[in-house]
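This report describes one protein chain for a reader who is beginning to study structures. Please look at the sequence and the model shown below before reading on.

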Amino acid sequence: ASVALNTKALAFDPSGGTKSSGPSWGGPGGGAALTSEQQAQMLQLEERDADFDLQLDEIGEGIQDLAEIAQQQGEEVALQSQMLDRVDKKIDKNLERMTKVNTRMKETLEEVGRASDKLMVDIMCIVLAIGFAAVLYKFIKG
């Protein structure tokens, strides 16, 4: 069964507006007295409020920790973005350099009169000729 609380007694502050460490409903004068059951319920409510306050404080600390982590991550992202920009510039510079080298190699091969694919065929023919000579030498020798 629920007990109706006397809200006038709860609102009464005998200290005249100054904060006290105890409940505002206790003490002499002014309001209606609370029954022991009502006082027990008030103590339970105050204990529950204190627990909620502690939990809210812990949540607030957790949120502050998360905010600090997020700020650190933002700073790290900014640093890595700068690093990526530098790497991108170096890649572009090296790609341009490689394109120039390839162009010069192609021009040099064209001046010599041989295309690069013919050069590979020549190398393969030389390797095969050396291999064939080794087999003939082994056959004659042995």
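## A pair within one helix

Helix α2 contains both E96 and K100, which are 4 residues apart, or about one turn of the helix. These two residues form a salt bridge, in which the closest N and O atoms are 3.6 Å apart. Side chains of opposite charge can pair when their charged atoms come close. The structure holds 1 salt bridge.

The two partners fall into separate classes of accessibility. K100 counts as exposed because its relative accessible area is 51%, and the cut-off for this class is over 50%. E96 has a relative accessible area of 49% and is therefore partly exposed.

## The model and its confidence

The model is predicted. Across the protein chain the pLDDT averages 81, and 74% of the residues score at least 70. Confidence varies between the helices: the highest mean, 93, belongs to α2, while the lowest, 51, belongs to helix α1, which covers residues 7-11. The description of α1 should be read with that low value in mind.

## Overall architecture

The protein chain has 3 helices and 0 strands. Followed along the sequence, these elements give the pattern α-α-α. Helix α2 spans residues 36-112, and helix α3 spans residues 116-141.

How many of the residues are buried? Of the 142 residues in the protein chain, 4% count as buried.

## Charged patches on the surface

A negative surface patch consists of E46, E47, D49, D51, D53, D57, E58, E61, D65 and E68. One of these residues, E61, is located in helix α2. With a relative accessible area of 48%, E61 is classed as partly exposed.

A positive surface patch is made up of R86, K90, K93, R97 and R104. Within this group, R97 belongs to helix α2. Is R97 buried or exposed? Its relative accessible area is 59%, so R97 counts as exposed.

## A nonpolar patch

The surface also carries a nonpolar patch, formed by L119, M120, I123 and V127. Together these residues have about 370 Å² of accessible area. I123, one of the members, lies in helix α3. Its relative accessibility is 42%, and I123 is therefore partly exposed.

## Summary

The predicted chain follows the pattern α-α-α. Helix α2 includes the salt-bridged residues E96 and K100, as well as E61 and R97. E61 is part of the negative patch, and R97 is part of the positive patch. Helix α3 includes I123, a member of the nonpolar patch.

Definitions and conventions: Residues numbered from 1 in each chain as written. Predicted model: local features only at pLDDT ≥ 70, side-chain atom pairs only at ≥ 80, totals over all residues. Heavy atoms only, no water. Patch = residues over 30% accessible without salt bridge, like charges linked within 9 Å, V, L, I, M, F, W, Y side chains within 5 Å. Areas by Shrake-Rupley, 256 points an atom, 1.4 Å probe, with all protein chains shown as cover. Salt bridge = Lys/Arg side-chain N within 4 Å of Asp/Glu carboxyl O. Lys, Arg positive; Asp, Glu negative; His and termini not counted. Charge placed at Lys NZ, Arg CZ, Asp CG, Glu CD. Helix = DSSP H or I, 4+ residues; strand = E, 2+ residues; numbered from the N terminus. Buried < 20%, exposed > 50% of the residue type's maximum accessible area, 1.4 Å probe, protein only. pLDDT = per-residue confidence, 0-100.
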